[in-house]
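Colleague: I should like a close look at the buried interior of this chain and at the aromatic rings that belong to it. Please begin with the cysteines and then work through the core and the ring pairs.

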Amino acid sequence: MASQFSQQYAFRAQKTLGLVGGTPDYLPVPGLVCPDAPARTYHYSNDGRFFAYALPTVVRLFQAEGAKLLQELSIPNIIELQFSPRGTYLSTWERPVKLEDGAQHKNLRVFSVSTGEELIAFTQKSQEGWGLQYTISESHAIRLVSQEVQIFRPAEWDKGVVDKLRVEGASMVSLSPGLNPSVAVFVAEKKGAPASIKIYGLLALSGLPTCSKNFYKADRAQIKWNGLGTQALILTQTEVDNSNMSYYGETSMYLLSAAGNFDCRVTLDKEGPIHDVAWSPNSKEFGVVYGYMPAKTMLFDQRVRTVHDFGSAPHNTISFNPQSRLLFLAGFGNLAGKIDVFDRRTYNKITTIDAPNTSYCSWSPDGRFLLTATLSPRLRVDNGIKVWHATGPLVHIQAIEELYQASWRPTPVDQAPPFGQTMPPAPHPAPSVLAAALTSKPAATKPAGAYRPPGARGLATPAIFKREDEGGAPRMPTGSGSATPPRGYNRSPNPPGSAPPNGAHQNGHGGGRRQVPGAAPKTPPPAEGGTSGQGQGQDKKRKKKDKKKGDKGAGEASGAATPNGGDSVRPSLDIQTNGLSRDGESGGTADAAQASVPPTPGAELLDPIAKKVRNLNKKLKAIEELKEKAKRGERLEATQLKKMEGEVDIRTELAGLGITG
């Protein structure tokens, strides 16, 4: 039951909203009816007991197991929802509007989940950081209002603010988890004054801070507490990078202890931004992905001592599974979407999952599965959800048009099944995976290797394109200081660095004949005397006439007459084939040259029977390719099936021509 309980997930799209059960079938939860209007958001309670979604006119609250409707709150225009840690209270937020009577619009409301009664309301203009922060026991709740931290007792909402802390310039506040909660307040850098972080005990706000740290280059910050609430990672960031090395500003990271007995800067050994940082659920170590691509990933303990170096790879995300047994490193966004799963105990890579175009990725509560989703508007095509086992196999797939949100149903770690000492085996794929495999078209495999221009294909790589350690020519400094080797103008299709054709110079200025690639060598007949214009016109007419007659005697070299009576010398672009020019000139005998030169395609005429046999063999080859596609399970069109039916007729016709086999 626990395994099934932990596998439920929810999704929200433009036209649908649903709950889906877990392994092995991943069937929709039957109790949830898809709403008529598009939902604006949904939210699970932290313990996974409740599920709520917001429509344009109403908010509906369900029991997550079985999707039983509990409450229906008639409040319009809600776009954000939040449960308290134990699921006792539900907070809603809507965009503030101006009221006709001039009063402030109290757009942040708190409701009782059990009764649906509105308990308290606030004015909250900003959507960023709009929600109340509760202690894990729900004994206190805090919010930041105009540089003042206000403290409430949820059991006595009607008493209002019971305590407060004013910090000049405070721009963010964070309440720690754990049984002894602390409050961290961040003050941004301003007018030359350094930024600061101050940590107070929640029950001793009037006293001095238990920990305080000042630093520069911090316009904003993220505060990430460990699970016990005893230490916090402070990730600072500036709006502008003064060194012009990063578009996103400079980043730094500090580790502070809530008790004040330890604080230090986390020194990283590679330049570049900090892409991601995550605490292990055991609260004893954290991982950091940092540096210019390929980024480096390091694991540190709670005293910032290096535990393990994962090396450099195209990663920008790190995440531990809830049992601290596995972790994944992934590259999302503008990276390829590769997910590398590691065993935390041995640091061995278990598998690599190829999940391109992933917008969202998270571990299941039991730590055995990964959910990846492609969301809109990040990407408006190929939207959907995929569930992978930690060992690599794809176990479920669901294509959803215009998918906006997806997430696992939260489950406390103690309610999830134990992980065990060895990796659990992957279950059989759900029917959705088999159905997707039958309908999807296999992606065409692109040939690997570097691009080669057509003129250089089939030849050895010239030395000019090789590095010195690969056997290439050493770099020769030039007088101009350029690192590019000097090269003259060359219209030859031979790649630079290869041997020039016989009878022609590398730079194309040698005396000889112009030769068009692929054409038989020809020499224009001698032109008669006259003006240059007349000589060229007669020469063109004679060429056309000779071409029509099929004159083969144009092998003697002669140039066109010039006004001065001299010969016009034009550069030769004869092409080598197997070390010989097209004229067959080489150091050896003419017979050996002619024997080694392959015949030009189409030079010899085929008789009608040979042409017929060649065409029939082409059809048979095409039919064999269609058979291979059918064996792989690909769909064939009606015309392709009809072509396959004609195989018997083709073989009969070949047999009639005396061709067998």
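Modeller: A disulfide is taken here as a pair of cysteine sulfur atoms within 2.5 Å. By this rule the count comes to zero disulfides in what is a predicted model. Two cysteines can nevertheless be placed with respect to the surface. The cut-off for a buried residue is a relative accessible area under 20%. Cys-211 has a relative accessibility of 4% and therefore counts as buried; Cys-361, at 17%, is likewise counted as buried.

Turning to the core, the largest nonpolar one comprises 17 residues. Those that touch the most other members are Tyr-9, Phe-11, Tyr-26, Leu-371, Ala-373, Ile-385 and Leu-403. Two or more residues come from each of the strands β1 (9–13), β32 (369–374), β33 (384–389) and β35 (403–408). As a general matter, nonpolar side chains in soluble globular proteins tend to be buried together.

Tyr-26 merits separate attention. With its neighbours within four places in sequence set aside, Tyr-26 is in contact with Gln-7, Tyr-9, Val-20 and Gly-21, and also with Phe-369, Val-387, Val-395, His-396 and Ala-430. Its partner Tyr-9 leads on to the aromatic pairs.

The structure holds 17 aromatic pairs. In one of them, the ring centres of Tyr-9 and Trp-408 are 6.3 Å apart and the planes meet at 85°, so the arrangement is edge-to-face. This pair joins distant parts of the chain, since Tyr-9 lies in strand β1 and Trp-408 in strand β35, 399 residues apart. Both Tyr-9 and Trp-408 are buried.

A second pair, Tyr-89 with Tyr-134, is stacked, with 6.2 Å from centre to centre and 5° between the planes. Here too distant parts of the chain are linked: Tyr-89 belongs to strand β8 (residues 89–94) and Tyr-134 to strand β11 (residues 133–134), with their positions 45 residues apart. Tyr-89 has a relative accessible area of 10% and so is buried, and Tyr-134, at 11% relative accessibility, also counts as buried.

Two further aromatic features complete the account. Tyr-42, Tyr-44, Phe-51, Tyr-53 and Phe-62 form one aromatic cluster. Elsewhere a charged residue meets a ring: Arg-303 lies over the face of Phe-262, at 4.5 Å from the ring centre.

Definitions and conventions. Residues numbered from 1 in each chain as written. Predicted model: local features only at pLDDT ≥ 70, side-chain atom pairs only at ≥ 80, totals over all residues. Heavy atoms only, no water. Core = buried A, V, L, I, M, F, W, Y, C linked by side-chain atoms within 4.5 Å. Buried < 20%, exposed > 50% of the residue type's maximum accessible area, 1.4 Å probe, protein only. Helix = DSSP H or I, 4+ residues; strand = E, 2+ residues; numbered from the N terminus. Contact = heavy atoms within 4.5 Å. Phe/Tyr/Trp six-rings, centres within 6.5 Å; stacked < 30°, edge-to-face > 60°. Lys NZ or Arg CZ within 6 Å of the ring centre and 35° of its normal.
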